[in-house]
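Open your viewer and get ready to select a few residues at a time. We will go stop by stop, with a short note on what to look for at each one.

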Amino acid sequence: MTTDGRGPGDRPALSRCVPVDRERFAAEYWGRRPVFTRAADLPRDFSDLFSTDAVDELVSSRALRTPFVRMAKEGDVLPPSRFTGPGGFGAEVGDQLDSAKVLAEFADGATLVLQGLHRTWPAIAEFSRRLAAELGHPAQVNAYITPASSRGFDPHYDVHDVFVLQIAGEKHWRIHEPVHPDPLRDQPWSDHRQEVAARAQETPAIDETFRPGDALYLPRGWIHSAEALGGVSVHLTIGVAAYTRHDVVREAVARAADTSALRASLPLGFDPSDAEAVAAVVGETVDALVEALADPAARADVAAAVADRLRRRRRADSPPAPVRPLATIATAETIGPSTLVRARPGLDADVTVEVETVTVRLPTKKIALPIAAREAVERLLDGRPVAVGELPLDERSAVVVARRLLREGVVVGALSAGGVGAADAGAGGADAGDLGAEFADVDPADEAGVSSDGERSATADFGTATAT
């Protein structure tokens, strides 16, 4: 079960970036060709995501460190010492962003790049998480702040798809067709430097001045360069690291390798400089690989392995929304029937059901609850906010379940329906006894998570949690 904090059919992120619906975007543009869109053809601008004031706040007040920031001028990346330094007593780390140095370099024409904004700026974090969930591929966000009439980087291509969102100022973009379509992550533009430079001299496929609210989708491999016009330009670049069929091939080969024909040694006296001998071995090996994958059962195994590997990668590439530890503890302590909770946005949890338990499985642990909680768990993880008292359990047991999943970081507090006040605090003292014999092994005294001798109880509140 995947939860991302959205209701069914609620897909606002992509619709803010392109002027067509998701199905048409998938069929006509995704990985194929760019689409440039004027602000007037999109639902709204991007001022809620970022601004020039946000740039100043990040530079002056957030103590950003490399690699969350870099600067470049006329195609060259500046050494960090040009724009970083120690923060003084108590903050002597030497790679912190120095606002005065940034000012000097920016005034001299250098572009400022704020990297990883999906980790440092909340509005962008939420937006990129929604976009990644909809696309099915991980996303990260950088901001490019360019002085008037300056360019930051030479014509190049990226090894990931991008969405460009113009925030402030104007920027002239020239975009050319690829010289190396669909590059993989280890195939940078510098491998084709001469071809890229030559293509950049040809007539552009897109030659436009971007203004605030304009947006561009650009598949990986498309060559681009940009120059600010007449004032400071700020734009966001959302990089989407698409999973590829190359990933599928690697996993298929890895799975098929456990066959006798592919484990066999190469011939005695094999000479890799003998082209004919190498060609013969390659042919035999490819034939053996095809044969190993020809069986439908083998392909099913490969499909399962690919699904597992890509899901693990997605979990690592797109972690769930962070939790607020103190706010979560406060909510857990005062939780009651009117408390609103929801699944932690971006959480990728599996729910398995056995005869007597329902288990929530996360990458690092599993939380086992009695089977009576199954419907409540499924409702809590469907992504929609819910008042605790509306869960399909008796009121006291619903409080226990919700508190348990709050403490485990599976659900988080949402806006309260009517607030969490003194009346609710009383209900928050419920224990698991209301669900009868199924919870006979849960000591009612353990509802605070601490046993009488002060040790943490393994069955605190409701069920058990096990690290994996």
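This is a predicted model, and it contains 30 salt bridges. As general background, side chains of opposite charge can pair when their charged atoms come close. Let us visit some of these pairs, beginning with a helix.

**Stop 1: helix 6**

Select residues 122-135, which make up helix 6. With 14 residues at 1.5 Å each, the expected span is 20 Å, and the end C-alpha atoms are indeed 20 Å apart, so the two values agree. Now colour by accessibility: ten of the 14 residues are buried, so the helix is largely enclosed by the rest of the structure. Among them are Ile124, Phe127, Leu131 and Leu135, along with the charged Arg129, Arg130 and Glu134.

What do the buried residues of helix 6 pack against? Show helix 1 (12-15), helix 2 (22-28) and helix 5 (117-120), then add strand 7 (139-146), strand 8 (161-176) and strand 11 (223-240). Before leaving, click on Gly136, just after the helix, where phi is positive at about 80°.

**Stop 2: Glu134 and Arg22**

Stay with helix 6 and show the side chains of Glu134 and Arg22, which form a salt bridge with an N to O distance of 3.8 Å. Glu134 belongs to helix 6 and Arg22 to helix 2, so this pair ties together parts 112 residues apart in sequence. Are the two partners buried or exposed? Glu134 is buried, at 5% relative accessible area, while Arg22 is partly exposed at 36%.

**Stop 3: Asp95 and Arg65**

Next, select Asp95 and Arg65, a salt bridge whose closest N and O atoms are 2.7 Å apart. Both sit in loops: Asp95 between strand 4 (84-85) and strand 5 (96-97), Arg65 between helix 3 (52-61) and strand 2 (69-73), with 30 residues separating them. Asp95 has 19% relative accessibility and counts as buried, because the cut-off for that class is under 20%. Arg65, at 39%, is partly exposed.

**Stop 4: Asp161 and Arg220**

Move on to Asp161 and Arg220, whose side chains meet in a salt bridge at 3.8 Å, N to O. Asp161 is in strand 8 and Arg220 in the loop between strand 10 (215-218) and strand 11, so the pair joins parts 59 residues apart in sequence. Here both partners are buried.

**Stop 5: a network**

Finally, select Arg311, Arg314, Arg315, Asp348 and Asp350 together: these residues are linked in a network of salt bridges.

Definitions and conventions: Residues are numbered from 1 along each chain as its sequence is written. This is a predicted model: local features need pLDDT of at least 70, side-chain atom pairs count only at pLDDT 80 or more; totals for chains, interfaces and linings use all residues. Side-chain values use heavy atoms; hydrogens and water are left out. Helices (H or I, at least four residues) and strands (E, at least two) are DSSP runs, numbered from the N terminus. The expected span of a helix is 1.5 Å times one less than its number of residues. Buried means under 20% relative accessible area, exposed over 50%, partly exposed in between (1.4 Å probe, protein chains only). Contact means heavy atoms within 4.5 Å. A salt bridge is a side-chain nitrogen of Lys or Arg within 4 Å of a carboxyl oxygen of Asp or Glu.
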